[in-house]
Amino acid sequence: MNDICERIKTIRSRIYNAAQAAERDSGSIELVAVSKTFPAESIRAALSCGHLDFGENYVDEMCAKADDVREPDIKWHFIGHLQSNKTRKVAETAHWVHSIDRPSIAERLNRQRPMDLAPLQVCIQINISGESSKSGISPADAATLARVITSMPRLQLRGLMTLPVASNDPDVQHASFARLYCLSEGLKRQGIKLDTLSMGMSNDFEAAVSEGANLIRVGTAIFGTRIQPTS
Ligand SMILES: *Cc1c(COP(=O)(O)O)cnc(C)c1O
């Protein structure tokens, strides 16, 4: 087994243990391998052990890799900041977009999603820590955007995503994830259908699992340290 497959196996067992500790079913927790800045070779290495979900932050890089890898069952998760001039490529290539943060982006993706593809699976990105440097909408605006997306036939609203303030303090990590969980439960009580909490990365996914994450996005702990950021 190659190193990347070994690391995926390790992450899966850590997810399993964190889920057990939280009395959750680990089978409901999906792992997205964040391959940004890594070559198609790294993706092929993960595919060789059956891993099919990959996360990318940069549109051109995602599309180039999708062309290169050409695996029919692969699922591309776009997790980066999305500019309106790049939505078409995302609508044509991605299976998921985790970073919807304004109605105009949702409208473009809905209009541009090709009819021969399934609806695009989307999450609303929430700025849970309120830092001005982070993208995402404020929790207070989430319900309005959720209703806008729900009315769009080519998008399927799945849930919420967050990228909290980076911290090694478990209390801080838990608090951010718990806030996203509460926001999601509040929206569900208002009748908005959501089944996904996209939260947790290499340094904090165990805290995220204990707070209810069912989709975690892990890059460094699978592919190694990113050397050069692209774009
Ligand atoms: C880069 C990135 C990740 C993965 O981060 P690691 O710390 O490398 O695991 C997850 N989510 C988003 C939105 C990212 O940009």
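Let me start with the rule for aromatic pairs, since I will need it in a moment: the rings of Phe, Tyr and Trp, with the six-membered ring taken for Trp, count as a pair if their centres lie within 6.5 Å, and a pair is called stacked when the planes are under 30 degrees apart, edge-to-face when they are over 60, and tilted for the rest. In this model, which I should say is a predicted one, that rule gives 2 aromatic pairs. One involves Phe54 and Trp76, whose ring centres are 6.1 Å apart with the planes at 45°, so this pair counts as tilted. Phe54 belongs to strand S2, residues 53-56, and Trp76 to strand S3, residues 75-78, so the pair ties together parts that are 22 residues apart in sequence.

Now to the ligand, which occupies the largest pocket. Around the ligand there are 13 residues, with Lys36, Asn57, Ser202, Thr220 and Arg226 the closest, and the shell divides into 6 nonpolar, 4 polar and 3 charged residues.

As for individual contacts, a polar side-chain atom of Thr220 is 2.5 Å from a ligand oxygen, a polar backbone atom of Gly219 lies 2.8 Å from an oxygen of the ligand, and a side-chain N or O atom of Arg226 is likewise placed 2.8 Å from a ligand oxygen. Of the 380 Å² of accessible area that the ligand has on its own, the protein covers 91%.

Definitions and conventions. Residues are numbered from 1 along each chain as its sequence is written. This is a predicted model: local features need pLDDT of at least 70, side-chain atom pairs count only at pLDDT 80 or more; totals for chains, interfaces and linings use all residues. Side-chain values use heavy atoms; hydrogens and water are left out. A residue is near a molecule or strand if one of its heavy atoms lies within 4 Å of it. A polar contact is a pair of N or O atoms within 3.5 Å; within protein, one must be able to donate a hydrogen and the other to accept it, and residues adjacent in sequence count only if both atoms are side-chain atoms. Accessible areas come from the Shrake-Rupley method with a 1.4 Å probe; for residues, only the protein chains shown count as cover. On a 1 Å grid over the protein atoms alone, a cavity is a set of points where a 1.4 Å probe fits but cannot get out, and a pocket is an open set with protein on both sides within 12 Å along at least five of seven lines; lining residues have an atom within 4 Å of a point. A molecule sits in a cavity or pocket if more than half of its atoms lie within 2 Å of its grid points. Ala, Val, Leu, Ile, Met, Phe, Trp, Tyr, Cys and Pro count as nonpolar, Asp, Glu, Lys and Arg as charged, and the others, Gly among them, as polar. Helices (H or I, at least four residues) and strands (E, at least two) are DSSP runs, numbered from the N terminus.
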